[in-house]
Amino acid sequence: MTTTARTNPPPTIRREDYRPPAFLVDEVDLHLALHPAATRVKARLDLRRNPAAEPATALELDGEALKLVSLRLDGAALPPERVRPRADGGLSIDGVPDRFVLESEVEISPEANSELSGLYLSGGNYFTQCEAEGFRRITFFPDRPDVMARYTTTIEADRAACPVLLSNGNPDGAGDLPDGRHWARWVDPHPKPSYLFAVVAGDLVAVRDSFTTRSGREVALAIWVRQGDEDACGHAMDSLKRSMAWDEETYGLEYDLDVFNIAAVSDFNMGAMENKGLNVFNTKYILARPETATDADYEGIETVVSHEYFHNWTGNRVTCRDWFQLSLKEGLTVFRDQHFTADQGSAAVKRLADVRRLRAAQFPEDAGPMAHPVRPDSYVEINNFYTATVYQKGAEVVRMMRALVGEAGFRKGMDLYIARHDNQAVTIEDFAQAMQDASGVDLTRFRRWYAQAGTPELRVRDSFDAATGRYTLTLSQSTPPTPGQPEKLPVPIPVRMGLIGADGAERPGAGVLLLEEAEQDFTFEGLEAKPVPSLLRGFSAPVKLSGLSLEQLGFLARHDTDPFVRWDSGQQYAVAEMLRLVEDFRAQRPLDLPEGLAASIAALLDRAMDDPAFTAEALTLPSEDFVSDQMPVADPEAVHAVRQFLRAAIGTRFAGRFAVLHAELADHGPYRIDGAAMGRRALRNACLSYLGQAEGGEGLRRAEAQFNTGGNMTDVLAALRVLADSDSPAREAALAGFHGRWKQHDLVLDKWFAIQAMSARADTLQQVKALVGHLDFDLRNPNRVRALIGAFAAGNPSQFHHASGEGYRFLADSVIALDAVNTQVAARMVGPLGQWKRQDARRGALMRAELARILERPGLSKGTFEKVSKSLA
Ligand code: PHE
Ligand code: ZN
């Protein structure tokens, strides 16, 4: 670390500079003697020159925060002149033979590791996190994913403190040692990149189950948690078993070890990690009880458990050649987990949620200073590229590919991909080639989706010739410039569509149009009257659609057979009305509830119980951010005022119907987590949310009652959210009561922080600042940081963008403080400040000033430096 502001920027890594590794590692024999302050790691590596690489004179080993104890080559100590320390903490070793054994011993300090990368302590237990570049914080190694080796790992620790010793692969012996210590050995038969290495050691208990693969392998499943949490693992275990069965049925992919272990940890930078045979999970994605977890939490658990499990084939058996290929495993695995969840029940509602998320996180990223292709061309800090673009847009690209090659072609493509590349580290190009070869569909142009950043804009015009009965759809596309990519080429856009007649019935002509050029006409014959086009059914491509009239949108919201288009048209319709109200608000004209919007709410309520989950989604107004994104210059205050006005006006107008639904939908009997029960709760709480804004205070009384009597966290939290937004005297009592009841439960306490951070009240920033000083706040716990600082900056636009600029200052101060503790979490918090170009000049200047202030800090990490400097550009 330097002590002055960076004078020389950290180096940029480029995809085009990729070279194969000069040396390969066949076997790794690791020995970890665990100790909180001084863990000793011995590594024995079998190395050989890579015949496919350019000859190199030196062996390059990565290393970071390692204290070298000894280094031997083929049994002999290496003379110091052959070992050159690198500025980044690695080592260059000169004059090595073609094949040799390297033995190193290093010392590391898990208790000093607040980065949570490498080996660290959490609640007295040891965990590792190696993706992307954490293994180099454990031992000297060519820490890159295209070096795949077989690992044997021996862990040694104090038996009382660490009764449980886990690593990758299958168990291979254990025993006692003097001084109250013991050991265990694990052998992983599958070659793997270092980023999939893991060790977990400590005082954990197992919840056990088993799964028999279809070829008859009996797999011992275990979820390792702290004592007292055993009762909260059922949903995770059930999700795991369903995932294992689904991957067999859908892709013929079976699990390949005798054990599958999951360990849960409270301090974790991300959601979870797919280490071979030993997944490590943020407790947030394992633990759930009806009293402590919401329906959204249950859904998150199913998503993440399945995601990590599916990585066993898409990521682990076939891995990435380099980190530019990250979406090879992430985009594909997100696609797989989305498909899995859709297959579990409510496919349509699942799709709405996924699209909502893509639009909320990925579209702004793709329009902002950090915009990058699904396969980036360069990075400074790879941790900054675990993005919505690599994950969510990457999944959309796989989904489109499936639409192009067909379901059967896609399955053949997956089979070929795995047959060709099992145990290899490959590229996105290899994946596309396998899909193309197996299906016979030319994907040459389609590959542009991987190379081009930015969200394509799809425009529609239509015309009808009554004399001939010919209907013409004209589709055109363009992609706005992004940093480093001023010019864009057209991309193939699959547009799943249908035509709806004036009577609301489907007309012939439904199918998939493939827009490949900048503009194309598509004609339909034999229509008696002009239909309304239903476009992008199921959101068949991640693009922004425009060109439909308000009237057409309103019609589709009522009549389309495709639930996605029905929902989306309603949302677009609402956006248009909200933008009109924003104009009224700015001109200080009185605001009125638009009758068209009221009519569509009424229509939704008439059919509310047809599909409660869908109704809940459709009743929810577009988010403030989504509305702001449709404006040339954002106006967070006006958008907030308009949205709050509408919520109150709708709540008041339909108070009677909301109250009836709210009462009717109350949960009776035991809590259930199936789609139907979750849909009922979602609708019930959507009604409560409107009632909470309605005149008369009846909603607040209902919220208070629901808060006091709610039998599950979904209902309790929905009620608390209503109270937290209010000035009701019940607010303080509810917040205090909630804290008192749940102060021992980290994950519930996170909700308590987040709810206050996202409150619409004008004093929210003051409250958030006070909460930073709360005894339960901890800058070293990423979940807590996300719950308070992240929720405020990314989840409360009107307060974050407060005209005073205090929100910006608070976030900058937080980033600076965090950068000294956990640079990955710090860099992730920068995002909202990077959106300054979207704001008015005054706010933009305030935001830039805060970014500049961060940049001046001495010793800024390269990750935070990259985010801040790119945000300023
Ligand atoms: N690879 C993990 C996943 O997608 C995410 C992750 C990245 C976790 C980096 C930790 C560190 O499931
Ligand atoms: Zn993943």
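Colleague: Why is helix α11 called mostly covered?
Modeller: Helix α11 spans residues 612–619, and 8 of its 8 residues are buried. A residue is buried if 20 or more other C-beta atoms lie within 10 Å of its own, exposed if 12 or fewer, and partly exposed in between, with C-beta atoms placed from the backbone. The buried ones in α11 include Pro-612, Phe-614, Glu-617 and Leu-619.

Colleague: And what covers those buried residues of α11?
Modeller: Among the covering elements are α4 (347–366), α9 (563–586), α10 (595–606) and α15 (675–693). The link here is contact: two C-beta atoms, placed from the backbone, within 7 Å.

Colleague: Before we go on, what kind of model is this?
Modeller: It's a predicted model: local features need pLDDT of at least 70, side-chain atom pairs count only at pLDDT 80 or more, and totals for chains, interfaces and linings use all residues. Residues are numbered from 1 along each chain as its sequence is written, while chains are lettered from A and ligands numbered from 1 in the order in which they are written.

Colleague: How confident is the predictor in the protein chain?
Modeller: pLDDT is its confidence in each residue, from 0 to 100. The chain's mean pLDDT is 97, and 99% of its residues reach 70 or more. For the complex, the ipTM is 0.99 and the pTM is 0.98.

Colleague: How many helices and strands does the protein chain have?
Modeller: There are 26 helices and 31 strands. Both are DSSP runs numbered from the N terminus: helices are H or I with at least four residues, strands are E with at least two.

Colleague: How do you know whether the protein chain agrees with a compact globule?
Modeller: You compare two numbers. The radius of gyration is taken over C-alpha atoms, and the globule rule is 2.2 Å times the number of residues to the power 0.38. For 873 residues that gives a value near 29 Å, and the chain has 28 Å, so it agrees. Its C-alpha atoms fill a box of roughly 85 × 65 × 60 Å along the principal axes, and 50% of the residues count as buried.

Colleague: What surrounds ligand 1?
Modeller: The shell includes Gln-129, Glu-131, Ala-132, His-307, Glu-308, Glu-330 and Tyr-386. To be near, a residue needs its C-beta atom, placed from the backbone, within 6 Å. The shell divides into 5 nonpolar, 3 polar and 4 charged residues. As for those classes, Ala, Val, Leu, Ile, Met, Phe, Trp, Tyr, Cys and Pro are nonpolar, Asp, Glu, Lys and Arg are charged, and the others, Gly among them, are polar.

Colleague: What joins Glu-131 and Ala-132?
Modeller: A cis peptide bond, with omega about -5°. Ala-132 sits in the loop between β11 (125–129) and β12 (148–158).

Colleague: What makes Leu-116 buried?
Modeller: Leu-116 has 24 other C-beta atoms within 10 Å, so it passes the cut-off. Its loop runs between β9 (99–108) and β10 (118–122). Its phi is near 60°, a positive value in a residue other than glycine.

Colleague: Why does Arg-780 count as partly exposed?
Modeller: Arg-780 has 14 C-beta neighbours inside 10 Å, so it lands in the in-between class. You'll find it in the loop between α20 (764–772) and α21 (782–795). Leaving aside neighbours within four places in sequence, Arg-780 is in contact with Ser-114, Val-821 and Asn-822. The C-alpha atoms of Arg-780 and Leu-116 are 9.2 Å apart, although 664 residues separate the two along the chain.

Colleague: Then what is Glu-856: buried or exposed?
Modeller: With 12 C-beta neighbours inside 10 Å, Glu-856 counts as exposed. It lies in the loop between α25 (841–855) and α26 (862–872).

Colleague: Which feature does UniProt list for residues 454–546?
Modeller: The record, an unreviewed entry, says "domain: Peptidase M1 alanyl aminopeptidase Ig-like fold". UniProt positions are in the numbering used here, feature names are shortened, and annotations may be inferred rather than shown by experiment. In the model, residues 454–546 are 0% helix and 53% strand.

Colleague: What about residues 551–873?
Modeller: UniProt places "domain: Peptidase M1 alanyl aminopeptidase C-terminal" there, again from an unreviewed entry. That span is 71% helix and 0% strand, and its end C-alpha atoms lie 41 Å apart.
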